[in-house]
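Biologist: Please take one part of this model and go through it closely, in plain terms. Which residues are covered, and by what?

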Amino acid sequence: MEDSRRGYRFDRVYVATERRSAEIHAAMFRGGGWLYRVIPEGPLEADPDSVDPTLSQACPRARVVEVLPLHPADVVRILESMQNGGMT
């Protein structure tokens, strides 16, 4: 099954290799999102939506080892920065 976003698959877990990248994706999730530290299970694949394949990959499943809430103030800061053309 695919989403309207190019290449997005519901049968894959998308993992970020850098915390900053994960924070940006979590901030864009409706409601602010959470960060999950995971251990990928199965082969890692390139994320077709990522402009830098080293920042985001996909796998068939992942084991969550830690859940980290993204503070609402951080979500606002990230989204405002993205609107202004930055990623800080």
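Modeller: What follows looks at one buried serine and then at its wider setting. This is a predicted model, in which local features need pLDDT of at least 70 and side-chain atom pairs count only at pLDDT 80 or more, while totals for chains, interfaces and linings use all residues. Residues are numbered from 1 along each chain as its sequence is written, and side-chain values use heavy atoms, leaving out hydrogens and water.

Serine 56 lies in strand β4, residues 56-59 (strands are DSSP runs of E, at least two residues; helices are runs of H or I, at least four; both are numbered from the N terminus). Serine 56 counts as buried because its relative accessibility is 6% (buried is under 20%, exposed over 50%, partly exposed in between, with a 1.4 Å probe and protein chains only). Leaving aside residues up to four places away in sequence, serine 56 touches Val15, Ala16, Asp47 and Ser50 (contact means heavy atoms within 4.5 Å). With aspartate 47, the side chain of serine 56 also makes a polar contact of 2.6 Å (a pair of N or O atoms within 3.5 Å; within protein, one able to donate a hydrogen and the other to accept it, and residues adjacent in sequence count only if both atoms are side-chain atoms).

Next comes the helix. In α1, residues 19-28, the buried residues are Ser21, Glu23, Ile24, Ala26 and Ala27. Their cover includes strand β1 (13-16), strand β2 (34-41) and helix α2 (72-83). Strand β2 also holds tyrosine 36. Tyrosine 36 has 49% relative accessibility, so this residue counts as partly exposed, whereas serine 56, at 6%, counts as buried.
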